[in-house]
Amino acid sequence: ENSLRRLLKLVQRNAGLTPPKEVFNRWNDFCDVHAPADKAGAAPRRDPKFLSGELIMQFLVGLPASFWVNLVKKVQKEGKQIGLAEAWEAYCDSHAPLRPGGLPTRDP
């Protein structure tokens, strides 16, 4: 669950999103509908450290595919020096569907 919480915080703070704070605002809206409150009549909790991994995963899975494509491309570009682009290629080589010609799909 800690990994999910860290991932959520990272995507909330991603300054490259348009409009700015898009994930942060979506998270708040999601919590207002789905998260439990501390006590009757109180506002729902929004802090991920107090919420279940299942609820966080439900939110992350509901983000649009275009968000994940842009995030992977950003990680590929900005993480080249520390090997993240190669890690993505290795992951795709093991798990992605094959294109015509037998090579794995690497483009998110």
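**Notebook: a helical chain, looked up piece by piece**

I began with helix α2, where I found Arg-26 and Glu-22 four residues apart, which is about one turn of the helix. These two residues form a salt bridge, and I noted 2.6 Å between their closest N and O atoms. I then looked up how open each partner is: Arg-26 counts as partly exposed at 34% relative accessibility, and Glu-22 also counts as partly exposed, at 24%. I should record here that the model is predicted, and that I am reading computed values throughout.

**Entry on the whole chain**

I counted five helices and zero strands in the chain, and the order of elements from the N terminus is α-α-α-α-α. The radius of gyration is 17 Å, well over the 13 Å that the globule rule gives for 108 residues, so I wrote down that the chain is more spread out than a compact globule. Along the principal axes, the C-alpha atoms fill a box of roughly 60 × 25 × 20 Å. Of the 108 residues, 27% count as buried, and the accessible surface comes to about 7,600 Å², with 56% of it belonging to carbon and sulfur atoms. I also looked at contacts between residues at least 6 apart in sequence, and 45% of them join residues at least 24 apart.

**Entry on the core**

Which residues touch the most other members of the largest nonpolar core? In this core of 17 residues, I found that they are Leu-8, Val-11, Trp-27, Phe-59, Leu-60 and Phe-67. Helices α1 (2–12), α2 (22–34), α3 (53–61) and α4 each supply at least two residues of this core. I followed Leu-8 further and, leaving aside its neighbours within four places in sequence, I found it in contact with Trp-27, Pro-48, Ile-56, Phe-59 and Leu-60.

Is Gln-12, a residue of helix α1, buried or exposed? Gln-12 counts as buried because its relative accessibility is 8%, and the cut-off for buried is under 20%. Not counting residues up to four places away in sequence, Gln-12 touches Val-23, Phe-24 and Trp-27.

**Entry on the loop between α4 and α5**

I next turned to the loop between α4 (65–78) and α5 (84–95), where Ile-82 has its place. Ile-82 counts as exposed because its relative accessibility is 68%, and exposed means over 50%. Together with Val-75 and Leu-84, Ile-82 makes a nonpolar surface patch of about 270 Å². Lys-80 is also placed in the loop between α4 and α5, and I noted it as exposed, with a relative accessible area of 58%. Leaving aside neighbours within four places in sequence, Lys-80 is in contact with Val-75, Ala-85 and Glu-86.

**Entry on other salt bridges**

How many salt bridges does a search of the whole structure find? The search finds seven, and I looked up further examples. The side chains of Arg-106 and Asp-93 meet in a salt bridge, at 2.9 Å from N to O. Arg-106 lies in the segment after α5 and Asp-93 in helix α5, so this pair ties together parts that are 13 residues apart in sequence. Both are partly exposed, Arg-106 at 36% relative accessibility and Asp-93 at 42%. I also noted that Glu-89, Asp-93 and Arg-106 are linked in a network of salt bridges.

In another salt bridge, the side chains of Lys-49 and Asp-47 meet at 4.0 Å, N to O. Lys-49 is exposed, with a relative accessible area of 55%, whereas Asp-47 is partly exposed, at 31%.

Technical notes:
Residues are numbered from 1 along each chain as its sequence is written. This is a predicted model: local features need pLDDT of at least 70, side-chain atom pairs count only at pLDDT 80 or more; totals for chains, interfaces and linings use all residues. Side-chain values use heavy atoms; hydrogens and water are left out. Patches are made of residues with over 30% relative accessible area and no salt bridge: like charges are joined within 9 Å, nonpolar side chains (Val, Leu, Ile, Met, Phe, Trp, Tyr) within 5 Å. Accessible areas come from the Shrake-Rupley method with a 1.4 Å probe; for residues, only the protein chains shown count as cover. Buried means under 20% relative accessible area, exposed over 50%, partly exposed in between (1.4 Å probe, protein chains only). The radius of gyration is taken over C-alpha atoms; the globule rule is 2.2 Å times the number of residues to the power 0.38. Contact means heavy atoms within 4.5 Å. A nonpolar core is a set of buried Ala, Val, Leu, Ile, Met, Phe, Trp, Tyr and Cys residues joined through side-chain atoms within 4.5 Å.
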